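This report describes the fold, the core and selected strands of a single protein. The sequence and the structure are shown first, and the description follows.

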Amino acid sequence: MSRHSQTNTYKSTAHPTEIFSLAPTPTTLISASGSSHLLIHSTTTSPTFPLVQTLSNAHRLGCHHVTTARGLGSPGNTFVSVGFGGETKVWRRDPQESESDKWSLYWTLPTPANKKEKGDVWAVALSADEGYLAATTSDGRIHVWDLEAQQKVQTYETGASAGGGGGGGGGPESNGGVGSGSFAMAVDLSRDGKFTASGHENGGVYVFNNDAGRMVYSLSGLAKPIRAVAFSPGCKRLAAAGNAGIIAIYDMQHGEHVANLSATGARPAWITSIDWNDTGEYLLSGSLDGKVRVWDVARGVCVATHSETESALWCVRWLPKSEKALAPGMGKGEMFVAAGANRSLTFYREATGS
């Protein structure tokens, strides 16, 4: 029997409105919704994953993205949130206060005064060392910020001035220079810091070399909007998914489209979120039909499907492996969590057994 064929679940109604984004740290889970508050839940102290802090009025109009550093050894002291009002906020906790896990506002990114730099921030990704932030914009650009220096250090273009072809043969938008790209709906930073990837409304997937400061791949394969991109932990693969209902896998050595992961059915649902587990063996996906799927990447098959809700899922995330069982009878296996339109957090834990 597949190691991911059995799970224990725990469901908690967390927010008064739809939950749009989740971000784990080694000890907590941050959840964001259409309400103004950000919620911090403990993932290491109890099987009920209790609320340990509320960041009240963090975003007056609600929050659509939160992000943390991913990977084994990530500090877990910083997260970033983006509100529907256009504000991007950096939050930190004092690592010396690990028992309380209390977070506070560190910095709010400045709003550009130059009209050419307008374009609301949408998706964000944090580097593994928590030193850099990648942020996409509605006009197709990706800004990279140095969080310690509190300044922008790089801007990647995906419009006509960037050159290259777009996803599905559409190419980058050709209506001018700065800020002429297609809506950048997703972003990720590779854990080794070498690459930035973005996914766009026109189906384009672009990969940039951070050392060279330029685009290295314009990837084809998905002609519909891209809602999620994610580098594998080893940084050798990039997964991209969205309205096509397919997860495309690309090789980062040559920029080749090497595989597709797709569920059976005539009309697959939009995929809204994907996430690799820490070994890179499995991909997690959440979709508009409320299904959570676990994919064995090497075999190219779905090994588990969970349908706890028929409401849209907006985010799915693996949680760091627990070092101890949270309760008698519970193992130390991998956990993941899903959230969306039903306003609940649903936690899944791998069950023991063959």
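## Surface and overall composition

The protein exposes about 14700 Å², of which carbon and sulfur atoms supply 47%; accessible areas come from the Shrake-Rupley method with a 1.4 Å probe, and for residues only the protein chains shown count as cover. The model is predicted, so that local features need pLDDT of at least 70 and side-chain atom pairs count only at pLDDT 80 or more, while totals for chains, interfaces and linings use all residues. Residues are numbered from 1 along each chain as its sequence is written, and side-chain values use heavy atoms, with hydrogens and water left out.

The secondary structure comprises zero helices and 28 strands. Both kinds of element are DSSP runs numbered from the N terminus: helices are H or I with at least four residues, and strands are E with at least two. Of the 354 residues in the protein, 53% are buried. Buried means under 20% relative accessible area, exposed means over 50%, and partly exposed lies in between (1.4 Å probe, protein chains only). Among contacts between residues at least 6 apart in sequence, 48% join residues at least 24 apart, where contact means heavy atoms within 4.5 Å.

## Cysteines

How many disulfides does a search of the whole structure find? The search finds zero, a disulfide being a pair of cysteine sulfur atoms within 2.5 Å. Cys 63 counts as buried because its relative accessibility is 1%. Cys 315 is likewise buried, with a relative accessible area of 3%.

## The largest nonpolar core

A nonpolar core is a set of buried Ala, Val, Leu, Ile, Met, Phe, Trp, Tyr and Cys residues joined through side-chain atoms within 4.5 Å. The largest one has 16 residues, and those touching the most other members are Val 207, Leu 219, Leu 238, Ala 240, Tyr 250 and Met 252. At least two residues of this core come from each of β15 (195-200), β16 (205-209), β17 (214-219), β18 (226-231), β19 (237-242) and β20 (246-251). The largest share, three residues, is supplied by β18. In soluble globular proteins, nonpolar side chains tend to be buried together.

## Strand β16 and its neighbours

Strand β16 is mostly covered, as five of its five residues are buried. Val 205, Val 207 and Asn 209 point one way from β16, whereas Tyr 206 and Phe 208 point the other way.

β16 pairs in the antiparallel sense with β15 over five bridges, and its pairing with β17 is also antiparallel over five bridges. Two strands are taken to pair if DSSP finds at least two bridges between them. On the β15 side, Ser 198 stands opposite Tyr 206; on the β17 side, Leu 219 stands opposite Val 205.

The two hairpins that involve β16 are listed below.

| Hairpin | Residues between the strands | Residue with positive phi | Phi |
|---|---|---|---|
| β15 and β16 | four residues | Gly 203 | near 90° |
| β16 and β17 | four residues | Gly 213 | about 70° |

## Two open sheets of four strands

One open sheet has four strands in the order β6-β7-β8-β9, with antiparallel pairing. Its edge strands, β6 (63-68) and β9 (103-108), each pair on one side only. Neighbouring strands of this sheet are turned by 25° against each other on average, direction ignored. For such angles, axes are lines fitted to C-alpha atoms, for helices over the stretch in contact, and angles run from 0 to 180 degrees between N-to-C directions. Within the sheet, β8 (residues 88-93) and β9 run antiparallel and are joined by five bridges, with Trp 91 opposite Leu 105 in β9.

Another open sheet of four strands has the order β10-β11-β12-β13, and its pairing is antiparallel. β10 (121-126) and β13 are the edge strands, each pairing on one side only. The average turn between neighbouring strands of this sheet is 25°, direction ignored. Five bridges join the antiparallel strands β11 (residues 132-137) and β12 (residues 142-146), and Val 144 in β12 is the bridge partner of Ala 134.

Val 153 lies in β13 (residues 151-156). Is Val 153 buried or partly exposed? Val 153 counts as partly exposed because its relative accessibility is 43%. Leaving aside residues up to four places away in sequence, Val 153 touches Tyr 132, Val 144, Trp 145 and Asp 146. The C-alpha atoms of Val 153 and Gly 213 are separated by 10.0 Å, although these residues are 60 residues apart along the chain.
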